[in-house]
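Work through the exercises below with the structure open beside you. Try each task before you read its solution.

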Amino acid sequence: MDFYYGMAQLIGVHTLLGLSAYVVLLTGQVSMAQAGFFAIGAYLAGMLTVLAGWHIVPAMLLAAVASAFVATVVGFPALRVKGLMLVVATLAFGEAVRIFWFNFDYQIAKGNIQVGPLGGEGFKQIRYFPENGWSTADVALFIWAWVIAAMVALWWLDRSRVGSVLRAVGEDELAAQSVGINLTAVKVSAMTIGGFIAGLGGAIYAHYTTHIEHLNFGVILATFAIAYPILGGLSSVIGVLIAVIFIQGFLVEVLRFMGDWRNLLFGALIVLAMNVRPDGLFDARAMRTLRRLFGARDA
Amino acid sequence: MKRLLTIAAALGVAMSVGTAADAADRTVKIAGFGAMSGVVRSFGINTQAVMQAAAKAINEAGGVKLADGSMAPMEVTFDDDRCNAEEGISVVRRLASGDAVVGVGPTCSNVAEPLFGILQAKAGDEGDSGLQFPIFTDTAIKGGLAKISEWAFRNVPNESQMYKSLFEWLASQHPDAKSVYGGVEEDFAHSRFTWYKVMKTRSADVGYEVKGESKWLLNDTNFTTQVREMKRAGADIIAISAHPFTTCGVLKEMARQRVKYKVLVGLTSSSSLETLNGCAKQAEGIIIPTSFAPVNPEAVAAADAAAALGGSADLHSAAAWEIMMILKDVIEAAGIQATADSVQADRMAIRDGLANLKTTKGLLGEIQRTDEGEAVKPYVYVHADDGSWAVLHDPNA
């Protein structure tokens with residue numbers, strides 16, 4: 001059973017990462033910076049629990065706030081550019097964050113082990129959960145409480161006027177601007193929310209793996225972050241969850257026995273899924289079906 | 001009465017058949033895991049072949065003796081973790097949820113480090129909810145990892161000692177060599193650690209002038225700038241701390257730029273078939289300390305058995321052979337049950353057995369075990385000689 005709880009933890013962490021990109025994508029912006037925000041959350045939360053001895057919850061919240069702050073600061077200049085230029089700008093930011101942690105050393109002695117970030121060798125012994133006797137099930141429940149909170153918050157946001165504004169900007173910037181929407185404010189707000197959620201995800205990730213290093217936060221993670229909402233579809237936050245389960249649960253875990261063929265099949269299945277369901281695995285039609293199943297009327 | 005005796009006899013026969021069947025059904029499950037895909041997949045492929053070859057040898061000799069005196073075969077499974085920390089954790093959680101009594105792996109230090117972190121730090125500490133699953137590592141070689149958890153053990157060579165000894169020997173053999181220049185695969189935990197914490201410091205300890213280092217990444221394919229820096233430094237000894245793939249790229253570029261040196265030193269992990277397959281001509285003469293070479297009948301037999309199953313025995317995979325033999329001895333001494341109900345007790349018995357080891361048998365001689373779960377293994381220096389690895393010097397001889 002521990003294995004399934006472990007899988008639930010992993011899927012939860014990646015769902016938060018995907019949700020952080022989802023909210024930015026709603027405004028039509030493709031951000032490759034989510035891995036950078038994720039890294040900031042991971043390192044800061046790890047430092048707060050390991051070096052400062054904080055409880056995990058305030059450590060996570062402070063790390064998420066710091067990530068959100070960085071996202072805001074990065075958002076202003078980065079969101080002045082569009083399309084491919086934005087991809088390049090946010091990718092460059094993500095790499096800058098990774099390189100920062102690659103060169104960042106701050107260690108203290110804990111028993112017979114030196115702990116804290118040590119540049120390229122990473123940051124080990126982030127053992128808050130086992131050291132405090134949390135079972136695998138406890139950790140899974142804890143993670144999913146955050147995931148559900150983030151999903152509910154985004155779902156509510158999506159159904160509110162704010163959500164309409166985000167989608168309006170994503171659909172047609174010119175039209176949105178012509179009705180008085182402040183594009184910069186909307187985009188930066190989305191980036192800030194995304195940074196907060198990515199920071200939360202990173203904070204949990206560090207404590208899930210117990211060891212982090214700069215290589216964990218490279219271009220591949222940034223690509224996964226953006227792939228989840230694109231593959232899942234932007235109709236609902238549920239799409240992100242379905243995409244994470246499809247990639248982490250099915251492609252990575254179920255196909256593990258295939259060795260190198262798994263890597264080939266991995267790409268092929270994603271291409272196939274995007275061709276068969278171009279609007280995402282969980283598109284508007286699937287959303288309507290789900291609503292009907294639960295007895296809700298179509299809008 | 002006759003009927004009663006007949007029933008009793010029938011029950012007795014049924015029970016004895018059942019017991020025999022139970023013994024026959026019992027297997028000692030050893031779960032290997034490592035990189036079977038990606039850039040470093042050859043390490044996992046070799047380890048899998050060597051583990052299966054060792055299990056075959058053990059089973060052909062009768063198997064493993066259990067607590068009740070019956071013999072059970074060893075069964076080896078192997079999972080791919082793609083040299084990825086998240087996947088390594090998932091694999092080990094799945095193994096720990098199953099009936100494997102011990103895990104053997106992983107390939108990569110960046111997987112071993114988080115993996116050991118999710119294990120219980122101190123065995124028997126009820127306040128620590130970490131996994132209670134013994135892991136015996138054959139390949140992940142970055143220094144000092146086993147002390148993270150008392151459930152983690154390693155049978156990897158002590159590089160610090162090996163390179164100290166190598167540089168001392170080089171100083172005696174090449175008194176004209178005065179300086180060292182490094183080449184380091186900067187983003188790989190093992191190669192980075194070995195250059196900065198081992199090669200660089202150990203060569204300086206011997207009195208060599210360290211003229212600096214060139215840096216590259218595991219996935220790099222162009223080394224022009226790095227080799228130009230290397231050539232400009234003009235050091236007598238070039239020490240390359242990188243895995244076979246980039247080692248070969250750098251050696252080819254060094255040949256192209258006609259870099260001159262007196263001695264070429266390589267990383268332990270590069271004393272493998274991959275290096276010779278990739279760049280035998282350019283690697284000619286490179287000196288590497290290794291804890292495995294087919295220099296005695298037992299080592300030759302292990303290498304042949306691995307080759308028969310499509311693998312290659314090198315310093316990493318040969319460690320897996322030693323691990324299987326050590327596990328057989330530990331399991332027999334600990335007296336495990338190998339039943340569905342005894343899995344956790346068996347794991348604890350194996351952990352305790354491994355923790356109490358002071359010495360074990362190795363393919364090159366006796367291996368010392370430290371209190372921190374590490375090994376101090378005998379080693380030799382090999383060099384690439386006409387397309388194969390040949391023993392250059394045996395410090396223990």
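## Exercises on a two-chain model

Start with sequence separation. Among contacts in chain A between residues at least 6 apart in sequence, 76% join residues at least 24 apart. In chain B, 72% of the contacts between residues at least 6 apart join residues at least 24 apart. Keep in mind that this is a predicted model.

**Exercise 1. Describe chain A: what are its elements, its extent and its buried share?**

Step 1. Count the elements. Chain A has 13 helices and two strands.

Step 2. Take the extent. The C-alpha trace of chain A spans about 60 × 45 × 35 Å along its principal axes.

Step 3. Test it against a compact globule. For 299 residues the expected radius of gyration is near 19 Å, and chain A has 19 Å, so the two agree.

Step 4. Add burial. Of the 299 residues in chain A, 48% are buried.

**Exercise 2. Do the same for chain B: what are its elements, its box and its buried share?**

Step 1. Chain B has 12 helices and 17 strands.

Step 2. Its C-alpha atoms fill a box of roughly 100 × 45 × 35 Å, taken along the principal axes.

Step 3. A compact globule of 397 residues would have a radius of gyration near 21 Å; chain B has 23 Å, which agrees.

Step 4. Buried residues make up 55% of the 397 residues of chain B.

**Exercise 3. Find how α10(A) and α11(A) pack: at what angle, and through which residues?**

Step 1. Locate the helices. Helix α10 of chain A covers residues 219–232, and helix α11 of chain A covers residues 237–253.

Step 2. Read the geometry. Their axes lie 7 Å apart, at an angle of about 110°.

Step 3. Classify the angle. The range from 65 to 115 degrees counts as roughly perpendicular, so α10(A) is roughly perpendicular to α11(A).

Step 4. Give the hand. α10(A) passes α11(A) in a right-handed crossing.

Step 5. List the contact. α10(A) brings Tyr228(A), Pro229(A), Leu231(A) and Gly232(A). α11(A) brings Gly239(A), Val240(A), Ile242(A), Ala243(A) and Val244(A).

Step 6. Sort by class. The contact of α10(A) with α11(A) has seven nonpolar, two polar and no charged residues.

**Exercise 4. Now take α3(B) and α4(B): at what angle do their axes cross?**

Step 1. Helix α3 of chain B spans residues 85–97, and helix α4 of chain B spans residues 109–118.

Step 2. Their axes come within 8 Å and cross at roughly 45°. α3(B) and α4(B) are therefore oblique to each other.

Step 3. The crossing of α3(B) past α4(B) is right-handed.

Step 4. On α3(B), the contact uses Ala85(B), Gly88(B), Ile89(B) and Val92(B). On α4(B), it uses Asn110(B), Val111(B), Pro114(B), Leu115(B) and Ile118(B).

Step 5. The residues of this contact divide into seven nonpolar, two polar and no charged.

**Exercise 5. Examine the interface: how many residues of each chain are in contact, and which element of chain B gives the most?**

Step 1. Count. 30 residues of chain B are in contact with 31 residues of chain A.

Step 2. Name the elements. β4 (74–80), α3, α4 and α6 (189–206) of chain B each supply at least two residues of the side that touches chain A.

Step 3. Rank them. α3(B) gives the most, with nine residues.

Step 4. Classify. The side of chain B that touches chain A has eight nonpolar, nine polar and 13 charged residues.

**Exercise 6. Check three backbone exceptions: where do Gln125(A), Asp386(B) and Pro106(B) lie?**

Step 1. Recall the background. Most residues other than glycine have a negative phi, and most peptide bonds are trans.

Step 2. Gln125(A) is not a glycine, yet its phi is positive, about 65°. Gln125(A) sits in the loop between β2 (113–115) and α5 (128–131) of chain A. It has 21 other C-beta atoms within 10 Å, so Gln125(A) is buried.

Step 3. Asp386(B) has a positive phi near 55°. Asp386(B) lies in the loop between β16 (380–385) and β17 (388–393) of chain B. Asp386(B) counts as exposed, with 8 C-beta neighbours inside 10 Å.

Step 4. The peptide bond from Gly105(B) to Pro106(B) is cis, with omega near -5°. Pro106(B) belongs to the loop between β5 (102–104) and α4 of chain B.

Methods
Residues numbered from 1 in each chain as written. Chains lettered and ligands numbered in written order. Predicted model: local features only at pLDDT ≥ 70, side-chain atom pairs only at ≥ 80, totals over all residues. Helix = DSSP H or I, 4+ residues; strand = E, 2+ residues; numbered from the N terminus. Rg over C-alpha atoms; globule rule 2.2 N^0.38 Å. Buried ≥ 20, exposed ≤ 12 C-beta atoms within 10 Å, placed from the backbone. Contact = placed C-beta atoms within 7 Å. Axes fitted to C-alpha atoms, helices over the stretch in contact; angles between N-to-C directions. Parallel < 35°, antiparallel > 145°, perpendicular 65-115°, else oblique. Left-handed = near helix turned anticlockwise from the far one by under 90°. Nonpolar A, V, L, I, M, F, W, Y, C, P; charged D, E, K, R; others polar.
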